[in-house]
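Student: Could you go through this structure with me, a few residues at a time?

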Amino acid sequence: MLISDEKTAVKNLSDFRTDLKNLFDKWKAAPCIPAENVFPLEFLNALRGIGALDALLSRDVGGLDLCRTPDGGLVLMTLLQRTGYVNLSLGRCLEGHVNVVRLVELYGTPEQRRAFAQTLKSGLLAGIWVTDGTPPVTIRQENGHYRLTGVKGFASGVKQVNLALITATNPQGHSIMLLAPTTEADRRRAGPGTLTGMQASGTGGYDFTDVIIPPDHILGATGDYLRQPEFSAGAWRGSAVALGAMDRLVDLLRQELRERGRTANPHQLYRIGEGLILQKTAAMWVEQAAKAAYAPRMKPEDVVATVNLARLAVERTALELITIVQRSLGLSAFVKGKAVEQVIRDLMTYLRQPAPDEAMTDAATWFIDHDWPEGGL
C-alpha cells in the first residue's frame with residue numbers, strides 16, 4: 001500500500017508539473033502587460049485553476065507536499081520562478097502565501113493544519129504581514145479569547161488577502177504568531193506611498209484594533225517566527241521569484257534585439273552572453289538554496305548561511321543584468337509602458353530585502369570555520 005501511495009504521489013506531482021508548464025507556455029506565447037497598479041487577478045485565478053494553491057499543502061490534507069519534501073520543493077521553485085516571470089507582484093503575493101503555508105506546517109497542531117487546509121481549499125489567498133505600522137500590533141487575553149490592537153504596514157495584497165499570518169507582542173513583551181481574518185474593507189489603510197515598482201501588489205496597511213482572535217488561531221510558541229533555520233531559509237523563495245524576472249529580462253532583451261536586427265552586432269552578442277551567464281549563475285544559486293532548505297541532514301547554520309549567500313548572489317546578478325539590459329537597449333529600456341521598463345522597476349523594488357549586510361557577514365562568519373556542506377544535501 002505504501003509503495004502504491006508513493007507511486008500515486010509521484011504521478012500527481014508529475015502531472016502538476018506538466019500543467020504548470022502548459023500554463024506557462026500559454027502565458028509566454030501571449031504575453032500580457034496588465035496595468036501596473038492593478039492586482040493581477042487573472043494570473044492568480046489561472047494558478048487556482050491548475051490547483052497550484054492546493055498543491056502547496058501536505059499530502060495528508062490533499063496537497064502535493066510542495067512545502068515539505070525535497071522533490072516538492074524543486075517543483076515549488078519552478079512555480080515561483082514561472083510566476084515571477086509573468087508578474088513580480090503576483091510572485092510576491094504567492095511567495096507570502098507559501099510562507100504562511102510553510103509556517104502552519106511547521107508550527108501548527110494537526111487540528112490547526114487541517115482547519116487551515118480546509119479554509120485554503122476555497123481558493124483563499126493568505127498573506128504574511130509582520131511589519132508593524134503605528135501603533136504596533138499587540139495582543140492581550142480577554143474572557144477566553146484574545147484582543148488585538150494596532151496596525152500592520154507594508155501589507156502586500158491588502159485588498160486580495162482574506163487571511164493573514166501576523167505577529168503581535170503580548171504583555172510580557174514576547175512576539176507570537178497568529179492567524180487573523182482580513183476581510184473588513186474599512187480596516188484597510190493607505191500604504192507607504194507610491195512605490196517605484198511593485199505597485200500591483202497592492203501594498204497597504206491594515207488596522208487590527210479590537211479584532212477578536214480565538215485561542216486556536218494562535219500559532220506555535222513565543223519566538224517561533226524568528227526561529228532558525230526557517231526564518232532565514234525561507235528567503236530562497238523570494239530569490240526564486242526574482243530569478244523569474246531575470247529570465248523575463250533576458251527574453252525581452254533578445255526579443256528587442258531581434259526586432260531591431262541587431263543580433264549580429266558583436267557588442268550586443270557579448271552583452272547577451274553576459275546576461276545568460278548571470279541568469280544561469282542565479283539559477284544555480286537558487287537551486288542550491290532550495291535543496292538546502294529541505295535537506296534533512298544539514299546543520300541549521302549551514303542552511304542559513306547557504307541561503308543567505310544565495311539571496312545576495314541573486315541580488316547582485318539581477319542588478320548586473322539590469323545594467324546590461326539598459327546599456328544594450330539604451331533609452332528604449334526607460335520608456336514607461338514598455339514591458340522591459342516595468343520589469344526593471346519592479347525587480348529593483350523587489351530586490352530591496354532587509355539586512356543584506358548582516359546576511360553577508362553572518363554567512364561569512366559561519367563559513368570561515370566550516371566547509372561548504374556538499375555532503376549534507
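What follows is a short conversation about cysteines, a loop residue and a helix residue.

Student: How many disulfides does the search of the whole structure find?

Tutor: This is a predicted model, and a search of the whole of it finds 0 disulfides.

Student: Why is there no bond for Cys67?

Tutor: The closest cysteine sulfur to that of Cys67 is in Cys93, and it lies 16 Å away, which is too far for a bond, since a disulfide needs the two sulfur atoms within 2.5 Å.

Student: And are Cys67 and Cys93 buried or exposed?

Tutor: Cys67 counts as buried, at 0% relative accessibility, and Cys93 counts as buried too, at 5%.

Student: Switching topic, where does Ser332 lie?

Tutor: Ser332 is in the loop that runs between helix H10 (300-329) and helix H11 (339-350), and with a relative accessible area of 15% it is buried, because the cut-off for that term is under 20%.

Student: What does the side chain of Ser332 make a polar contact with?

Tutor: The partner is the side chain of Lys338, at 2.5 Å; once neighbours within four places in sequence are left aside, Ser332 is in contact with Glu256, Arg260, Lys338 and Val340.

Student: What about Arg237, which helix is it in?

Tutor: Arg237 belongs to helix H8, residues 235-260, and it is buried, with a relative accessible area of 2%.

Student: Which residues is Arg237 in contact with, leaving aside neighbours within four places in sequence?

Tutor: Those contacts include Leu76, Leu80 and Val98, and also among them are Glu95, Asn99, Arg102 and Glu230.

Definitions and conventions
Residues are numbered from 1 along each chain as its sequence is written. This is a predicted model: local features need pLDDT of at least 70, side-chain atom pairs count only at pLDDT 80 or more; totals for chains, interfaces and linings use all residues. Side-chain values use heavy atoms; hydrogens and water are left out. Helices (H or I, at least four residues) and strands (E, at least two) are DSSP runs, numbered from the N terminus. Buried means under 20% relative accessible area, exposed over 50%, partly exposed in between (1.4 Å probe, protein chains only). A polar contact is a pair of N or O atoms within 3.5 Å; within protein, one must be able to donate a hydrogen and the other to accept it, and residues adjacent in sequence count only if both atoms are side-chain atoms. Contact means heavy atoms within 4.5 Å.
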